[in-house]
Amino acid sequence: MKVDVLLGLQWGDEGKGKIVDVLTPKYEVVARFQGGPNAGHTLEFEGKKYVLRSVPSGIFQGNKINIIGNGVVLDPALFKGEIESLEASGHELTKRLLISKKAHLILPTHRLLDACYEAAKGDSKIGTTGKGIGPTYTDKISRNGLRVGDILHRFDEKYNAAKSKHLRILEQYGYDISALAEIEKEWFEGIAKLKEFTFIDSEHYINKAIKEDKMILAEGAQGTMLDIDFGSYPFVTSSNTIAAGACTGLGIAPKEVGEVFGIFKAYCTRVGSGPFPTELFDEVGDKLRKFGFEFGSVTGRPRRCGWIDLVALRYAIMVDGVTQLIMMKSDVLDTFETIKACVAYEIDGERVTEFPFEIDDNIKPIYIEMKGWQTDMTKMRNEEEFPQEFNDYVSFLEAELGVPIKIVSTGPDRDQTIVRK
Ligand code: GDP
Ligand code: IMO
Ligand code: MG
């Protein structure tokens with residue numbers, strides 16, 4: 001059996017959590033491969049709504065095994081909060097959630113460093129989620145990080161050494177560390193909570209599961225345009241969000257990757273700073289935000305909204321090797337008279353269809369315009385009910401992107417998901 005990978009193709013918040021939950025009944029293991037509590041994956045079913053940060057989105061579908069892989073960065077304090085709110089709603093996870101010993105720990109001082117570096121950037125802030133993601137991955141790459149497995153052996157010593165390095169940096173910046181004692185207290189309570197879980201060598205576990213023909217789904221966080229290598233650098237996150245990240249983030253060989261599910265919204269959003277060629281600053285953008293309820297699930301920040309960008313999407317599909325597309329939030333466009341799609345960029349008077357090295361204000365999106373379907377699709381349950389204009393939009397996207405759209409999502413609920421034949 002191969003490992004299927006599910007990931008976002010835009011700037012995050014495409015609806016990955018919802019679709020992992022929908023697909024989980026087909027799988028025995030669901031594993032997160034990168035990112036950390038910068039993610040907010042929303043699931044809705046039976047009238048309830050859950051937002052997951054570090055816990056994989058496969059936990060609500062029976063007794064499936066969920067794994068936090070080595071590529072993930074984990075904040076024990078936020079993890080504790082997440083686990084406790086799941087326990088309060090009747091979801092006990094200690095038996096079905098396994099954590100890689102190689103996942104890196106976000107330390108209290110990483111959070112302060114994140115804020116400190118952002119402040120130091122002045123006008124060119126990334127607009128991070130403030131969860132310490134960048135500094136934690138920086139320490140991982142510079143070989144200064146602490147891992148979950150370190151908790152088991154001489155932990156205080158390792159923690160204090162890492163902390164004092166960070167304090168020296170914060171002191172150089174003159175950054176206020178008065179919040180540290182409180183954050184640290186919660187963090188160590190989080191370490192105690194973390195110890196209730198089983199730490200595993202997840203690469204061994206997953207490769208054994210592959211040999212035993214178990215169905216495995218790898219869950220990505222963020223989106224391809226936030227990838228550290230291929231995203232809109234430097235306005236990106238600090239991990240590889242692309243399909244290859246599933247290999248390094250779980251310890252599976254490229255030949256073990258099966259389907260790559262690429263998720264995108266029928267339009268486009270971004271939260272935080274950075275280029276966004278199709279961003280709308282008018283009432284159409286406001287309408288997308290209002291109807292799509294586009295506010296960050298982690299920070300509550302309003303998401304920037306715009307039309308679908310096929311130049312960026314084609315690029316994402318290329319670097320991810322997407323085999324099936326999943327279109328989310330098409331219902332948000334239900335009332336639009338016309339819908340636009342960016343098919344190319346105009347740069348210095350030239351038409352460009354390949355995603356360029358630099359995206360600046362020089363780029364003008366070239367749009368084609370289509371008639372909207374102006375039909376409430378939220379109660380539809382099969383594709384026979386789809387209006388003609390909607391089918392036209394889907395066929396147009398498939399032709400532009402060269403990959404079939406296999407699932408269409410018409411609302412936030414688990415049930416508002418239609419598989420196309
Ligand atoms: P993720 O980070 O990719 O898991 O996505 P988020 O959970 O951050 O953001 C997606 C938001 O859209 C959540 O509030 C979902 O409940 C919601 N959502 C998902 N699919 C649909 C859909 O098809 N229609 C609508 N209207 N909302 C959706
Ligand atoms: P999910 O998994 C949307 C964005 C931040 C910021 C940049 C860097 O829910 O799709 P970071 O805190 O990672 O250093 O911030 O990346 N960002 C996200 N945007 N969805 C996410 O996750 C994101 N995770 C990070 O807004 O622009
Ligand atoms: Mg999200």
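These are my notes on the predicted model above, taken point by point.

1. Ground rules. This is a predicted model, where local features need pLDDT of at least 70, side-chain atom pairs count only at pLDDT 80 or more, and totals for chains, interfaces and linings use all residues. Residues are numbered from 1 along each chain as its sequence is written, chains are lettered from A and ligands numbered from 1 in the order in which they are written, and side-chain values use heavy atoms, with hydrogens and water left out.

2. Ligand 1, the neighbours. There are 20 residues around ligand 1, and Gly15, Lys16, Thr42, Asp331 and Ser409 come nearest (a residue is near a molecule or strand if one of its heavy atoms lies within 4 Å of it). Oxygen atoms of the ligand pair up with Asp13 through a side-chain N or O atom at 2.9 Å, with Gly15 through a backbone N or O atom at 2.8 Å, and with Lys329 through a polar side-chain atom at 3.0 Å. Taken alone, ligand 1 exposes 580 Å², and the protein buries 94% of that (areas are from the Shrake-Rupley method with a 1.4 Å probe; for residues, only the protein chains shown count as cover).

3. Ligand 1, the site. The space that ligand 1 takes is the second largest pocket. For the record, a pocket is found on a 1 Å grid over the protein atoms alone, as an open set of points where a 1.4 Å probe fits, with protein on both sides within 12 Å along at least five of seven lines; a molecule sits in one if more than half of its atoms lie within 2 Å of its grid points. The elements giving two or more residues to the shell around ligand 1 are α1 (16-23) and β3 (41-45). Helices (H or I, at least four residues) and strands (E, at least two) are DSSP runs, numbered from the N terminus.

4. Ligand 2. Here 21 residues surround the ligand, with Asp13, Lys16, His41, Thr129 and Thr237 coming nearest. Backbone atoms do the work in these pairs: an oxygen atom of ligand 2 is 2.8 Å from a polar backbone atom of Asp13, one is 2.9 Å from a polar backbone atom of Gly40, and one is 2.8 Å from a backbone N or O atom of Gln222. Of the 550 Å² of accessible area that ligand 2 has on its own, the protein covers 98%.

5. Gln222. Worth a look, since this residue also pairs with ligand 2. Gln222 sits in the loop between β10 (216-219) and α8 (244-250) and is buried, at 8% relative accessible area (buried means under 20%, exposed over 50%, partly exposed in between, with a 1.4 Å probe and protein chains only). Its side chain makes a polar contact of 3.1 Å with that of Asn38 (a pair of N or O atoms within 3.5 Å; within protein, one must be able to donate a hydrogen and the other to accept it, and residues adjacent in sequence count only if both atoms are side-chain atoms). Not counting residues up to four places away in sequence, Gln222 touches Gly12, Glu14, Lys16 and Thr237, among others (contact means heavy atoms within 4.5 Å).

6. Thr224 and Pro234. Thr224 is in the loop between β10 and α8, and so is Pro234. Thr224 is buried, with a relative accessible area of 0%. Leaving aside neighbours within four places in sequence, its contacts include Leu7, Leu9, Phe230, Ile242 and Val319. Pro234 is joined to Tyr233 by a cis peptide bond, with omega about 5°.

7. Positive phi. Most residues other than glycine have a negative phi, and most peptide bonds are trans. Arg143 has a positive phi of about 65°; this residue is in the loop between α4 (133-141) and α5 (155-173) and is exposed at 75% relative accessibility. Phe293 has a positive phi of about 45°, lies in the loop between α9 (283-291) and β13 (304-306), and is exposed at 57%.

8. α4 and Leu107. In α4, the buried residues are Ile133, Gly134, Pro135, Thr136, Tyr137 and Asp139, and their cover includes β6 (73-74), β8 (104-105), α3 (108-120) and α5. Leu107 is in the loop between β8 and α3 and is buried, at 2%. Beyond four places in sequence, Leu107 is in contact with Leu146, Tyr159, Ala162, His166 and Trp187.

Terms used. On a 1 Å grid over the protein atoms alone, a cavity is a set of points where a 1.4 Å probe fits but cannot get out, and a pocket is an open set with protein on both sides within 12 Å along at least five of seven lines; lining residues have an atom within 4 Å of a point.
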